[in-house]
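Hi everyone, thanks for coming. Let's take a few minutes to look at a structure together and see what we can read from it.

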Protein chains: 2
Amino acid sequence: MTIKEVCEKYGITADTLRYYERVGVIPAVGRTKGGIRNYTEEDLGWVENAICMRSAGVSVEMLIEYVRLFREGDSTFQARRDLLAQARAEIQAELDKINETAKLLDYKISRYDEAIRTGVLSWDKDENV
Amino acid sequence: MTIKEVCEKYGITADTLRYYERVGVIPAVGRTKGGIRNYTEEDLGWVENAICMRSAGVSVEMLIEYVRLFREGDSTFQARRDLLAQARAEIQAELDKINETAKLLDYKISRYDEAIRTGVLSWDKDENV
DNA sequence: ATACACTCTGGAGTTGACTCCAAGTCAAGA
DNA sequence: TCTTGACTTGGAGTCAACTCCAGAGTGTAT
(Lines give C-alpha, C1' and ligand atoms only; values in the text may rest on other atoms or scores of the structure.)
Protein backbone atom coordinates (compact mmCIF):
# COMPACT_ATOMS: atom_id res chain seq x y z
CA MET A 1 0.00 0.00 0.00
CA THR A 2 1.40 3.40 -0.94
CA ILE A 3 1.64 6.31 1.43
CA LYS A 4 -1.17 8.05 -0.42
CA GLU A 5 -3.52 5.14 0.07
CA VAL A 6 -2.67 5.00 3.76
CA CYS A 7 -3.35 8.74 4.05
CA GLU A 8 -6.74 8.36 2.43
CA LYS A 9 -7.61 5.30 4.52
CA TYR A 10 -6.92 7.08 7.80
CA GLY A 11 -7.45 10.74 6.98
CA ILE A 12 -3.92 11.71 7.90
CA THR A 13 -1.28 13.54 5.84
CA ALA A 14 1.76 11.93 4.21
CA ASP A 15 3.95 14.37 6.12
CA THR A 16 2.59 13.10 9.39
CA LEU A 17 3.11 9.47 8.38
CA ARG A 18 6.71 10.20 7.39
CA TYR A 19 7.19 12.17 10.60
CA TYR A 20 5.88 9.28 12.69
CA GLU A 21 8.27 6.91 11.01
CA ARG A 22 11.21 9.29 11.20
CA VAL A 23 10.91 9.86 14.95
CA GLY A 24 9.96 6.24 15.67
CA VAL A 25 6.27 6.41 16.56
CA ILE A 26 5.94 3.53 14.12
CA PRO A 27 8.71 1.12 13.08
CA ALA A 28 10.44 1.57 9.71
CA VAL A 29 8.19 0.76 6.76
CA GLY A 30 9.50 -1.49 3.96
CA ARG A 31 10.36 0.01 0.57
CA THR A 32 10.14 -0.96 -3.08
CA LYS A 33 13.48 -1.31 -4.88
CA GLY A 34 13.00 2.32 -5.95
CA GLY A 35 12.93 3.41 -2.30
CA ILE A 36 9.19 4.08 -2.08
CA ARG A 37 7.30 3.13 1.08
CA ASN A 38 5.17 0.01 0.81
CA TYR A 39 2.90 -0.43 3.84
CA THR A 40 2.07 -4.00 4.89
CA GLU A 41 -0.91 -5.01 7.05
CA GLU A 42 1.41 -5.01 10.04
CA ASP A 43 2.55 -1.47 9.26
CA LEU A 44 -1.11 -0.45 9.06
CA GLY A 45 -1.63 -1.94 12.52
CA TRP A 46 1.09 0.33 13.86
CA VAL A 47 -0.33 3.34 12.03
CA GLU A 48 -3.81 2.67 13.37
CA ASN A 49 -2.44 2.26 16.85
CA ALA A 50 -0.47 5.51 16.64
CA ILE A 51 -3.51 7.44 15.41
CA CYS A 52 -5.72 5.99 18.14
CA MET A 53 -3.23 6.72 20.91
CA ARG A 54 -2.42 10.20 19.66
CA SER A 55 -6.11 11.09 19.34
CA ALA A 56 -6.46 10.34 23.04
CA GLY A 57 -3.47 12.52 23.87
CA VAL A 58 -0.86 9.83 24.51
CA SER A 59 2.43 11.62 23.84
CA VAL A 60 4.61 10.98 20.83
CA GLU A 61 7.46 10.41 23.26
CA MET A 62 5.62 7.55 24.95
CA LEU A 63 4.77 5.92 21.63
CA ILE A 64 8.43 6.14 20.62
CA GLU A 65 9.45 4.46 23.86
CA TYR A 66 6.93 1.69 23.27
CA VAL A 67 8.25 1.00 19.77
CA ARG A 68 11.82 1.06 21.10
CA LEU A 69 10.93 -1.55 23.74
CA PHE A 70 9.05 -3.61 21.17
CA ARG A 71 12.14 -3.74 18.96
CA GLU A 72 14.22 -4.93 21.88
CA GLY A 73 12.19 -8.12 22.00
CA ASP A 74 10.56 -10.35 24.56
CA SER A 75 12.73 -9.22 27.46
CA THR A 76 10.79 -5.95 27.51
CA PHE A 77 7.32 -7.47 27.99
CA GLN A 78 7.01 -6.21 31.53
CA ALA A 79 8.37 -2.78 30.65
CA ARG A 80 5.90 -2.50 27.78
CA ARG A 81 3.01 -3.53 30.01
CA ASP A 82 4.07 -0.92 32.55
CA LEU A 83 4.31 1.76 29.88
CA LEU A 84 0.79 0.94 28.69
CA ALA A 85 -0.42 1.04 32.28
CA GLN A 86 1.17 4.45 32.67
CA ALA A 87 -0.54 5.69 29.51
CA ARG A 88 -3.81 4.27 30.83
CA ALA A 89 -3.41 6.11 34.13
CA GLU A 90 -2.62 9.34 32.34
CA ILE A 91 -5.66 9.21 30.11
CA GLN A 92 -7.80 8.28 33.11
CA ALA A 93 -6.65 11.46 34.83
CA GLU A 94 -7.53 13.32 31.65
CA LEU A 95 -10.96 11.68 31.59
CA ASP A 96 -11.60 12.69 35.18
CA LYS A 97 -10.65 16.31 34.52
CA ILE A 98 -12.75 16.51 31.38
CA ASN A 99 -15.75 14.94 33.09
CA GLU A 100 -15.54 17.48 35.86
CA THR A 101 -15.39 20.32 33.37
CA ALA A 102 -18.24 18.79 31.37
CA LYS A 103 -20.43 18.85 34.47
CA LEU A 104 -19.57 22.48 35.11
CA LEU A 105 -20.31 23.38 31.49
CA ASP A 106 -23.65 21.57 31.63
CA TYR A 107 -24.53 23.57 34.71
CA LYS A 108 -23.50 26.87 33.16
CA ILE A 109 -25.41 26.14 29.99
CA SER A 110 -28.53 25.27 31.96
CA ARG A 111 -28.23 28.53 33.87
CA TYR A 112 -27.93 30.46 30.60
CA ASP A 113 -30.92 28.62 29.16
CA GLU A 114 -32.95 29.44 32.21
CA ALA A 115 -31.89 33.08 32.11
CA ILE A 116 -32.74 33.35 28.44
CA ARG A 117 -36.08 31.54 28.92
CA THR A 118 -37.25 33.62 31.87
CA GLY A 119 -35.78 36.84 30.54
CA VAL A 120 -33.95 37.38 33.83
CA LEU A 121 -30.50 38.05 32.52
CA SER A 122 -28.49 38.08 35.70
CA TRP A 123 -26.73 35.74 38.07
CA ASP A 124 -26.80 35.58 41.83
CA LYS A 125 -23.98 37.75 43.09
CA ASP A 126 -22.23 34.80 44.77
CA GLU A 127 -22.07 32.87 41.55
CA ASN A 128 -19.08 32.98 39.31
CA VAL A 129 -19.16 33.51 35.60
CA MET B 1 -4.63 38.83 47.10
CA THR B 2 -1.19 39.06 45.48
CA ILE B 3 -0.17 37.15 42.39
CA LYS B 4 2.07 34.94 44.50
CA GLU B 5 -0.79 33.92 46.76
CA VAL B 6 -2.96 33.13 43.75
CA CYS B 7 -0.13 31.01 42.29
CA GLU B 8 0.17 29.03 45.49
CA LYS B 9 -3.58 28.65 45.85
CA TYR B 10 -3.98 27.16 42.38
CA GLY B 11 -0.57 25.65 41.63
CA ILE B 12 0.00 27.82 38.57
CA THR B 13 2.90 30.15 37.73
CA ALA B 14 2.80 33.95 37.90
CA ASP B 15 3.88 34.02 34.27
CA THR B 16 0.83 32.02 33.28
CA LEU B 17 -1.47 34.28 35.29
CA ARG B 18 0.00 37.37 33.66
CA TYR B 19 -0.21 35.66 30.27
CA TYR B 20 -3.90 34.82 30.80
CA GLU B 21 -4.63 38.42 31.69
CA ARG B 22 -2.56 39.85 28.87
CA VAL B 23 -4.29 37.82 26.14
CA GLY B 24 -7.73 38.12 27.76
CA VAL B 25 -8.42 34.63 29.12
CA ILE B 26 -9.39 36.49 32.29
CA PRO B 27 -10.52 40.13 32.53
CA ALA B 28 -8.06 42.79 33.74
CA VAL B 29 -7.20 42.47 37.41
CA GLY B 30 -7.30 45.58 39.64
CA ARG B 31 -4.03 47.12 40.88
CA THR B 32 -2.70 48.84 43.97
CA LYS B 33 -1.70 52.46 43.47
CA GLY B 34 1.81 51.18 42.86
CA GLY B 35 0.59 49.10 39.94
CA ILE B 36 0.71 45.70 41.59
CA ARG B 37 -2.08 43.19 40.87
CA ASN B 38 -4.63 42.74 43.63
CA TYR B 39 -6.92 39.78 42.95
CA THR B 40 -10.51 40.04 44.23
CA GLU B 41 -12.83 37.08 44.84
CA GLU B 42 -14.36 37.75 41.45
CA ASP B 43 -10.93 37.64 39.80
CA LEU B 44 -10.31 34.32 41.54
CA GLY B 45 -13.56 33.02 40.06
CA TRP B 46 -12.25 33.83 36.58
CA VAL B 47 -8.88 32.28 37.34
CA GLU B 48 -10.51 29.11 38.65
CA ASN B 49 -12.71 28.94 35.62
CA ALA B 50 -9.78 29.39 33.24
CA ILE B 51 -7.78 26.67 34.96
CA CYS B 52 -10.72 24.27 34.93
CA MET B 53 -11.50 24.86 31.25
CA ARG B 54 -7.86 24.73 30.16
CA SER B 55 -7.29 21.49 32.07
CA ALA B 56 -10.05 19.94 29.99
CA GLY B 57 -8.46 21.22 26.79
CA VAL B 58 -10.80 24.12 26.04
CA SER B 59 -8.68 26.44 23.88
CA VAL B 60 -7.29 29.73 25.06
CA GLU B 61 -8.89 31.27 21.98
CA MET B 62 -12.36 30.15 23.09
CA LEU B 63 -11.85 31.45 26.60
CA ILE B 64 -10.77 34.81 25.18
CA GLU B 65 -13.90 34.93 23.05
CA TYR B 66 -16.06 34.18 26.09
CA VAL B 67 -14.49 36.98 28.11
CA ARG B 68 -14.89 39.31 25.15
CA LEU B 69 -18.61 38.49 24.93
CA PHE B 70 -18.97 38.81 28.68
CA ARG B 71 -17.54 42.31 28.58
CA GLU B 72 -20.01 43.27 25.85
CA GLY B 73 -22.86 42.77 28.29
CA ASP B 74 -26.30 41.21 28.36
CA SER B 75 -26.86 41.35 24.62
CA THR B 76 -24.37 38.48 24.25
CA PHE B 77 -26.19 36.00 26.48
CA GLN B 78 -27.22 33.78 23.62
CA ALA B 79 -23.77 33.95 22.00
CA ARG B 80 -22.13 33.01 25.30
CA ARG B 81 -24.50 30.10 25.78
CA ASP B 82 -23.73 28.90 22.27
CA LEU B 83 -20.00 29.19 22.85
CA LEU B 84 -20.29 27.11 26.02
CA ALA B 85 -22.37 24.56 24.13
CA GLN B 86 -19.66 24.40 21.48
CA ALA B 87 -17.00 23.84 24.13
CA ARG B 88 -19.22 21.16 25.66
CA ALA B 89 -19.55 19.37 22.32
CA GLU B 90 -15.82 19.54 21.74
CA ILE B 91 -14.92 18.04 25.07
CA GLN B 92 -17.58 15.37 24.56
CA ALA B 93 -15.84 14.34 21.35
CA GLU B 94 -12.60 14.27 23.28
CA LEU B 95 -14.22 12.11 25.97
CA ASP B 96 -15.47 9.67 23.37
CA LYS B 97 -12.05 9.33 21.76
CA ILE B 98 -10.29 8.89 25.08
CA ASN B 99 -12.80 6.30 26.25
CA GLU B 100 -12.26 4.31 23.09
CA THR B 101 -8.51 4.39 23.57
CA ALA B 102 -8.89 3.52 27.26
CA LYS B 103 -10.78 0.37 26.29
CA LEU B 104 -8.08 -0.60 23.81
CA LEU B 105 -5.38 0.01 26.40
CA ASP B 106 -7.23 -2.08 28.97
CA TYR B 107 -7.41 -4.90 26.47
CA LYS B 108 -3.73 -4.66 25.58
CA ILE B 109 -2.70 -4.57 29.22
CA SER B 110 -4.82 -7.64 29.98
CA ARG B 111 -3.16 -9.44 27.08
CA TYR B 112 0.28 -8.54 28.39
CA ASP B 113 -0.68 -9.66 31.89
CA GLU B 114 -1.90 -12.95 30.54
CA ALA B 115 1.24 -13.44 28.48
CA ILE B 116 3.46 -12.65 31.44
CA ARG B 117 1.41 -14.89 33.78
CA THR B 118 1.34 -17.92 31.47
CA GLY B 119 4.87 -17.38 30.21
CA VAL B 120 3.63 -17.52 26.63
CA LEU B 121 5.22 -14.39 25.27
CA SER B 122 3.58 -14.14 21.88
CA TRP B 123 0.46 -12.81 20.24
CA ASP B 124 -1.78 -14.42 17.70
CA LYS B 125 -0.48 -13.51 14.27
CA ASP B 126 -3.68 -11.66 13.34
CA GLU B 127 -3.42 -9.42 16.34
CA ASN B 128 -1.78 -6.05 16.14
CA VAL B 129 0.77 -4.75 18.58
C1' DA C 1 17.56 54.55 54.73
C1' DT C 2 19.05 50.46 53.12
C1' DA C 3 18.40 45.80 52.05
C1' DC C 4 15.79 42.32 50.18
C1' DA C 5 11.92 39.98 48.38
C1' DC C 6 8.48 40.74 45.40
C1' DT C 7 6.31 42.71 41.29
C1' DC C 8 6.05 45.12 36.85
C1' DT C 9 6.43 45.29 31.43
C1' DG C 10 7.69 44.12 26.75
C1' DG C 11 9.61 41.03 24.23
C1' DA C 12 12.24 36.91 23.19
C1' DG C 13 12.67 31.86 23.72
C1' DT C 14 10.88 27.04 24.35
C1' DT C 15 8.21 22.85 23.66
C1' DG C 16 5.47 19.37 21.35
C1' DA C 17 3.64 18.05 17.33
C1' DC C 18 3.33 18.62 13.28
C1' DT C 19 3.63 21.01 8.35
C1' DC C 20 5.89 22.84 4.48
C1' DC C 21 9.49 23.25 1.05
C1' DA C 22 13.27 22.51 -2.39
C1' DA C 23 15.58 19.67 -5.16
C1' DG C 24 15.79 15.51 -6.85
C1' DT C 25 13.96 10.38 -8.03
C1' DC C 26 10.39 7.03 -9.57
C1' DA C 27 6.69 5.00 -12.34
C1' DA C 28 2.58 4.54 -15.25
C1' DG C 29 0.26 6.20 -19.39
C1' DA C 30 0.40 8.37 -24.37
C1' DT D 1 10.87 8.15 -24.74
C1' DC D 2 8.56 11.75 -22.72
C1' DT D 3 5.45 13.78 -19.55
C1' DT D 4 3.06 14.10 -15.43
C1' DG D 5 2.07 13.16 -10.96
C1' DA D 6 3.53 10.88 -6.84
C1' DC D 7 7.37 9.87 -4.02
C1' DT D 8 12.00 10.72 -1.63
C1' DT D 9 15.08 13.27 1.95
C1' DG D 10 16.85 16.82 5.08
C1' DG D 11 15.89 20.71 6.97
C1' DA D 12 13.31 24.86 7.95
C1' DG D 13 8.90 26.90 9.37
C1' DT D 14 4.48 27.11 12.03
C1' DC D 15 1.29 27.08 15.81
C1' DA D 16 -0.61 27.02 20.52
C1' DA D 17 0.43 27.76 24.90
C1' DC D 18 3.21 28.86 27.70
C1' DT D 19 7.98 30.23 29.96
C1' DC D 20 11.87 33.00 30.66
C1' DC D 21 14.47 37.24 30.91
C1' DA D 22 16.29 42.05 31.63
C1' DG D 23 15.79 46.09 33.59
C1' DA D 24 13.10 48.84 36.43
C1' DG D 25 9.74 49.83 40.24
C1' DT D 26 7.35 48.57 44.96
C1' DG D 27 6.97 47.61 49.80
C1' DT D 28 8.25 45.99 54.21
C1' DA D 29 11.48 44.66 57.90
C1' DT D 30 15.47 46.05 60.31
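**Two chains and a DNA strand**

Of the residues of chain B, B:Leu95 is the one that comes closest to the rotation axis, with its C-alpha at 3.3 Å. Before I explain that axis, please keep in mind that this is a predicted model.

So, where does an axis come from? Two copies of a chain are related by a rotation about an axis and a shift along it. Here, chain B is superposed on chain A by a rotation of 180° with 0.0 Å of shift along the axis, and the RMSD is 0.1 Å. The two copies are thus related as by a two-fold rotation axis. How do the copies meet? They meet through the same surface, because 100% of the interface residues of chain B are also interface residues in chain A.

Next, the DNA. Which residues come nearest to DNA strand D? Out of 19 residues around the strand, those are A:Lys4, A:Arg18, A:Arg37, B:Asp15 and B:Arg54. On the DNA side, sugar and phosphate make up 77% of the atoms of strand D that come within 4 Å of the protein.

Let me point out some phosphate contacts. A polar side-chain atom of A:Arg18 is 2.9 Å from a phosphate oxygen of DNA strand D. For A:Arg31, an N or O atom of the side chain is 3.1 Å from a phosphate oxygen of that strand. From chain B, B:Thr32 has a polar side-chain atom 3.4 Å from a phosphate oxygen of strand D. Helix H1 (3-10) of chain A and H2 of chain B are the elements that give two or more residues to the surface near this strand. H2 of chain B provides the largest share, 5 residues. By type, the residues of this surface divide into 6 nonpolar, 6 polar and 7 charged.

Now a stop at B:Ile36. Is this residue buried or exposed? B:Ile36 is exposed, with a relative accessible area of 56%. You'll find B:Ile36 in the loop between helix H2 (14-23) and helix H3 (41-55) of chain B. Leaving aside residues up to four places away in sequence, B:Ile36 touches B:Gly30 and B:Arg31.

Last, the cysteines. A disulfide is a covalent bond between the sulfur atoms of two cysteines. How many are there over all chains? The structure holds 0 disulfides. Take B:Cys52: the closest cysteine sulfur, in B:Cys7, is 18 Å from its own sulfur, so the two are too far apart for a bond. B:Cys52 also counts as buried, at 14% relative accessibility.

Note on methods: Residues are numbered from 1 along each chain as its sequence is written. Chains are lettered from A and ligands numbered from 1 in the order in which they are written. This is a predicted model: local features need pLDDT of at least 70, side-chain atom pairs count only at pLDDT 80 or more; totals for chains, interfaces and linings use all residues. Side-chain values use heavy atoms; hydrogens and water are left out. Copies are superposed by least squares on the C-alpha atoms of residues with pLDDT of at least 70 in both. Contact means heavy atoms within 4.5 Å. A disulfide is a pair of cysteine sulfur atoms within 2.5 Å. Buried means under 20% relative accessible area, exposed over 50%, partly exposed in between (1.4 Å probe, protein chains only). Helices (H or I, at least four residues) and strands (E, at least two) are DSSP runs, numbered from the N terminus. A residue is near a molecule or strand if one of its heavy atoms lies within 4 Å of it. A polar contact is a pair of N or O atoms within 3.5 Å; within protein, one must be able to donate a hydrogen and the other to accept it, and residues adjacent in sequence count only if both atoms are side-chain atoms. Ala, Val, Leu, Ile, Met, Phe, Trp, Tyr, Cys and Pro count as nonpolar, Asp, Glu, Lys and Arg as charged, and the others, Gly among them, as polar.
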